[in-house]
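Here are some short exercises to work through with the model open beside you. Try each task before you read its solution.

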Amino acid sequence: MAERARLLTMRLGQAVQTLDVLNHVAQASPGLAAEWTLVRQDGSSLLAELLITAMSSEYGAQSGYLVMAHDVTSRREAENQVQHMALHDALTGLPNRNMLQEQLKHSLAAAEREGHFMAMMFLDLDRFKKINDSLGHHLGDAVLIEVARRLRQAMRTSDIVARLGGDEFVVLLPCITAIEDGERVAQKVMEQFAEPLRLDGHELRVTPSIGLALYPQHGSDAVTLMRHADLAMYQAKSRGRNRVQVFSDKMVSVTPDTLLLENDLYKALERDELRLHFQPQFDCRSGRITGAEALLRWEHGGRLIPPSDFIPLAEETGLIVPMGEWVLQRACGMAQQWRARSGWPLRIAVNLSALQLDRIDLIDTVARTLADTGLPATALELEITESVVVRESLRAADVLMQLRALGVGIAIDDFGVGYSSFAYLRELPVDRFKLDRSFLSAVPQSGGDSRLVAALIAMGHRLEVGIVAEGVETQAQADFLKAHGCDEAQGYHLGRPMNEEAFEALLMAHSAEVGLAAPGDDQRASTACTS
């Protein structure tokens, strides 16, 4: 009996004896089933379900206990594993969204009760999709596992690191003493990614964009805090990536609809919602197509969002940079296809934003795009507004010189409204001036406007620069431009912006009609505007 009692000894504390426990349990709940950890002779343990029943003698006195044990170790391990999987990410082992929500709720309650600050970091890896696409998902998974390890390494034991899915992580700091602590920890996280990741023989530089929101300054509930941290993260991405961005009320647009639109705009690229429309440009004398301007459109929610609604938003958030790169790649690719199919030496014009002009990798991006698509440099024209050229004069001059060295054409858009001097413009490597549409609105009815347009055309020619008139909406305007020697024109009267299929059909019909009489590839300032 002594040996059997020793085998039933349970780890319930040094002061608790087995028989005392059995007696207490049996008296409190006769026939009770309970799970206890039992110790084998070899020192190993098992989880057993015990059914304990007190036994009595024939005289009614308690004589002992009947203990029936059933080993439930495997069953409980399986149940615990299922529960763990429900609350943890299978790849990294970090808490998942469900567990984060629970812990965030408890942390918010504690912060409110005890009056301390709390911080949330929303983290997204920069250009992670390229790793998956180029090196495979196996290596992508290895990157995520290493990122999770580095995040845990940077945190205190009381902090919570969770993976929401994909390459999105959240770090929750349940208790900080000052607002600045959140920024300090975020910078510490950034330092974890200073060293490259070395995986499967690859050395990868993986950087995060981090959005930081603080309790109670930026939100007093879980939904608001997460939304604001997410929004700050997108701001970090739009401002160049690989940085920490603290949430600001300025990130919230004037109306809820605009805020929703901004959030959707961040995902427009990955959802393949961007479209290009092309407005043809014509020689003012012969009426032949000389080129086309690529115009960005956004197809969202079953409708096309007007450029006036999203281009300013894209410029404000910095999204115009990745969008501009997409436009450049797509426009050059389509232009090369059309040139090959039609045999027509089409020139494609792509707008360049101020933020793109300021990018140090712009020249490499343009050169790489031309190489990838096979489009000759002489078939690409980059349009830069006159106001940007004036405002960024030193930077603009250097960039335009480098672009021109590639063989790319340069056009000054909205010409005449930027108040730049002809002496300055004469020093720039410019191929075309595009007359702003506002100059044509009263032509030829207004004598003053007509003389001004004629003078601008003449001055451009004296500088040996081609002139393209925008906003041609009537035949009278087209006739006026032709009579005064304008080189090229575009506008609704000549051709509205159209999708890729419609423009291709127009170009194929045009090249078939004109035949071999197409203008040469090297013709930078052509002539003409019959409708």
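**Exercise 1.** Find which loop holds Pro216, and then describe the peptide bond that joins Tyr215 and Pro216.

Step 1. Pro216 sits in the loop between strand E9 (208-215) and helix H8 (222-238); helices (H or I, at least four residues) and strands (E, at least two) are DSSP runs, numbered from the N terminus.
Step 2. The bond between Tyr215 and Pro216 is cis, with omega about 5°.
Step 3. For background, most peptide bonds are trans.
Step 4. Val443 and Pro444 are also joined by a cis peptide bond, with omega about 0°, and Pro444 lies in the loop between strand E17 (432-435) and helix H17 (447-462).

A word on the source: this is a predicted model, in which local features need pLDDT of at least 70 and side-chain atom pairs count only at pLDDT 80 or more, while totals for chains, interfaces and linings use all residues. Residues are numbered from 1 along each chain as its sequence is written, and side-chain values use heavy atoms, with hydrogens and water left out.

**Exercise 2.** Work out where Asp124 lies, whether Asp124 is buried or exposed, and what its side chain meets.

Step 1. Strand E4 (residues 117-125) contains Asp124.
Step 2. With a relative accessible area of 9%, Asp124 is buried (buried means under 20% relative accessible area, exposed over 50%, partly exposed in between, with a 1.4 Å probe and protein chains only).
Step 3. The side chains of Asp124 and Lys237 share a polar contact of 3.0 Å (a pair of N or O atoms within 3.5 Å; within protein, one must be able to donate a hydrogen and the other to accept it, and residues adjacent in sequence count only if both atoms are side-chain atoms).
Step 4. Setting aside neighbours within four places in sequence, the residues in contact with Asp124 include Asp167, Thr207, Met233 and Lys237 (contact means heavy atoms within 4.5 Å).

**Exercise 3.** Look at phi of Asp272 and of Glu464, and place both residues.

Step 1. Most residues other than glycine have a negative phi.
Step 2. Asp272 has a positive phi, near 60°, and is found in the loop between helix H9 (256-266) and strand E11 (274-285).
Step 3. Asp272 counts as exposed because its relative accessibility is 52%.
Step 4. Glu464 has a positive phi near 60°, and its place is in the loop between H17 and strand E18 (466-469).
Step 5. Glu464 is exposed, at 73% relative accessibility.
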